[in-house]
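User: I should like to learn how to read burial, cores and pockets in a structure. Could you take me through them in turn?

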Amino acid sequence: ADRVPERIKHVVYIDAFLPEDGESLNTSRCGTGGRAGGRGGLGLNNTNGFVTLRGYNPNKLPPSEVPQPAKTLSEPISLKNQDAVKKIPTTYILAVPAGRQPQDAAFNFFYERAKALGWTMLTIESDHNIQWSHPKELVKLLEQAP
């Protein structure tokens, strides 16, 4: 969105990290107090410079995950077009585990950061991997996004 804002109609973050300019994924979650912020960690394995979620299965049917470079977690982002990006309609979807409140969700820190930006805010009762555990419900939410 930062590189080609004129080509983007709408951005949707799904239970996602939301680093600010100069932050990496790792530094954006420091001190948040939530699971994404350190308690419980991310559940990642780091092998030969690539990370995967614990329980990674390369033979899983789609949607599947793939290893990603570990530097994607530690390299700070550099935002150049923040004024243009602010004009793009954006939605943040927070996954809230069953029986929990949004403030207890792992990514609530980033949900609150997005709310402060004036984005459209949605929640779904789900674990973090909504695309696997609640695909139909996720599609309904995506259809709601303005």
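Analyst: Let us begin with burial: a residue counts as buried when its relative accessible area is under 20%, and as exposed when that area is over 50%. The model shown here is predicted.

User: Is glutamate 23 buried or exposed?

Analyst: Glutamate 23 counts as buried because its relative accessibility is 17%. Glutamate 23 sits in the loop between strand 1 and helix 1 (25-28). Beyond its neighbours within four places in sequence, glutamate 23 is in contact with Leu18, Ser28, Glu75, Pro76, Ile77 and Arg113.

User: Which residues have the most contacts inside the largest nonpolar core?

Analyst: A nonpolar core joins buried residues through their side-chain atoms. Here the largest one has 17 residues, and those with the most contacts inside it are Tyr92, Leu94, Phe107, Phe110, Ala114, Trp119 and Met121. Strand 5 (90-96) and helix 4 (108-116) are the elements that give two or more residues to this core. Another core, of 7 residues, lies apart from it and includes Ile93, Ala95, Leu122 and Leu138.

User: What is the volume of the second largest pocket, and which residues are closest to its centre?

Analyst: Rolling a probe the size of a water molecule over the atoms reveals where empty space is left. The second largest pocket has a volume of about 590 Å³. It is lined by 20 residues, of which Tyr13, Leu18, Leu79, Val85 and Trp119 are the closest to its centre. The lining comprises 11 nonpolar, 3 polar and 6 charged residues. Strand 1 (11-14) and helix 3 (82-85) each supply at least two residues of this lining.

Methods
Residues are numbered from 1 along each chain as its sequence is written. This is a predicted model: local features need pLDDT of at least 70, side-chain atom pairs count only at pLDDT 80 or more; totals for chains, interfaces and linings use all residues. Side-chain values use heavy atoms; hydrogens and water are left out. A nonpolar core is a set of buried Ala, Val, Leu, Ile, Met, Phe, Trp, Tyr and Cys residues joined through side-chain atoms within 4.5 Å. Buried means under 20% relative accessible area, exposed over 50%, partly exposed in between (1.4 Å probe, protein chains only). Helices (H or I, at least four residues) and strands (E, at least two) are DSSP runs, numbered from the N terminus. On a 1 Å grid over the protein atoms alone, a cavity is a set of points where a 1.4 Å probe fits but cannot get out, and a pocket is an open set with protein on both sides within 12 Å along at least five of seven lines; lining residues have an atom within 4 Å of a point. Grid points are joined across faces, edges and corners, and a volume is the space filled by probe spheres set on the points. Ala, Val, Leu, Ile, Met, Phe, Trp, Tyr, Cys and Pro count as nonpolar, Asp, Glu, Lys and Arg as charged, and the others, Gly among them, as polar. Contact means heavy atoms within 4.5 Å.
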